[in-house]
Amino acid sequence: MADNLNATREKWQEVNFDGLVGATHNYAGLSYGNVASAKHSGMVANPREGALQGLQKMQHLRSLGLMQGVLPPHDRPHISTLRALGYTGSDAEILTSAYRSNPELVSNVSSSATMWTANAATITPSPDAADGKMHFTPANLAAMYHRSLEAPTTARVLKAMFPEGDRFAHHDPIAGGIHMGDEGAANHNRFCTDYGEQGVSLFVYGRGAFEKTSHLTYPGRQCKESCLGIFAQHGVAPERMLLERQNPAAINAGAFHNDVVAVSNKTVFFYHEEAFLNPADLEQAIQRAMIGAEMQFIKVLSSDVPLADAVSSYLFNSQLVSVPGRDGMTLILPVEVEETPTAKAYVDSMVANGGPIARSEYMDVRESMRNGGGPACLRLRVAMSDSDIQAMGANCIITDALLETLQGWVKKHYRDRVLPEDLGDVALMEENFTALDELTQLLKLGSVYDFQR
Ligand code: SUG
């Protein structure tokens, strides 16, 4: 408790850790229920452009005075998965024979979906945890095969960056496979008056583990029991946790994660009226749990922005940030919002009307957007004190020098054109493994990839 009191006197901030787009980034249409992924399946992808767009977004947030971190892509194609499925020989032989016999499998093990780090893990910062540590649970991502491969490497990366010990505690992903699906921070909001104060956690789930889901056209990826498991692992106080069901209509419209229809920062909750079945009750529950701190809710009506426009533009998959020295919050939106008349008109009038969100800024992350990943999907938020930052391992905080190095690294190693049919190309795999080996040295991560172990 004394430690907690000291901790609250420190400077706290929210650090965004963005996932780097990987060299095998492609459009394979792997995510059922993600309308952008289905729509762009088979298109030519440009991994180099995608990675540079992502770095540009990181640099933009840094230029606003926010601390920015980076998480590496994973090793793809994931040869150890193919090996476990019976393919034998050298990496090149394994890839060649797997591609010949089962190209769909290769496309799954080649996805660069680890760029969407909002799905990497759920994190509880120390003010919200009973033992005063920061807690990490990698998401099991059980709902989609290509994403279910991510957790072991994510766990190794997070442990390299946040060493287990007095300050950081790491948990295993929730067990139980698809029944106990967990998609990480994308379904988790933390409300607080300031990042170092005790907050209120809201977890949004799509279904119960054993429920009949005939009301869902698309998978409800997050399950209620997993949310409860994570709260228990992290020692979140019962009066500071809220669980809410996502409106099935939102899932059926393509909101496969709650961050497609809602985003929060501190005491501001910006959401679509169809995100939840009973928004009025939810607002009251959040307000009650916040004990005295006044929440500001911005509920966007369907008559202003139809749910379909919210989903296609990714209006809510924005980053809502407190920029040092600026009054009011800033919303970092994808350029697709600018191109969607209802969403653009809403943002313009919201900003002009003098509410808590005072600025809007647009970023081009189109390579990621075509697979259903907006600005908010690309980042994992971590509320950190100065001492937390000092205790970090690895070299994953962006500086001018690291940014330049990473841009150079992308330009040196990445292709500007990848099609699903390129995924059996041994040269692409070798280029990627060479690049990733170099990256682990640049980011001082150690041997986190299977091909290095
Ligand atoms: O899990 N797309 C990802 C997008 C994740 C977005 N994350 C958040 N909303 N936080 C997914 O559906 C598509 C891959 C492909 O089709 O090639 C994909 O995995």
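Student: What does helix 3 (residues 47–63) lie across?
Tutor: Strand 1, strand 2 and strand 15. Contact here means heavy atoms within 4.5 Å. Helices (H or I, at least four residues) and strands (E, at least two) are DSSP runs, numbered from the N terminus. This is a predicted model: local features need pLDDT of at least 70, side-chain atom pairs count only at pLDDT 80 or more, and totals for chains, interfaces and linings use all residues. Residues are numbered from 1 along each chain as its sequence is written; side-chain values use heavy atoms, without hydrogens and water.

Student: What makes strand 2 (68–71) and strand 15 (379–385) edge strands?
Tutor: Each pairs on one side only. The open sheet has 3 strands in the order 2-1-15, with mixed pairing.

Student: How do you know that strand 1 pairs with strand 15?
Tutor: Pairing takes at least two DSSP bridges between two strands. Strand 1 and strand 15 have 7, so they pair, and they run antiparallel. F17 has L380 in strand 15 as its bridge partner.

Student: Why is the Y32 and Y218 pair called edge-to-face?
Tutor: Rings of Phe, Tyr and Trp (its six-membered ring) pair if their centres lie within 6.5 Å; planes under 30 degrees apart are stacked, over 60 edge-to-face, the rest tilted. Here the centres are 5.1 Å apart and the planes stand at 90°, so both tests are met. The pair ties together parts 186 residues apart in sequence, because Y32 and Y218 lie in separate loops.

Student: Why does Y32 count as exposed?
Tutor: Buried is under 20% relative accessible area, exposed over 50%, partly exposed in between (1.4 Å probe, protein chains only). Y32 has 52%, so it is exposed.

Technical notes: Axes fitted to C-alpha atoms, helices over the stretch in contact; angles between N-to-C directions.
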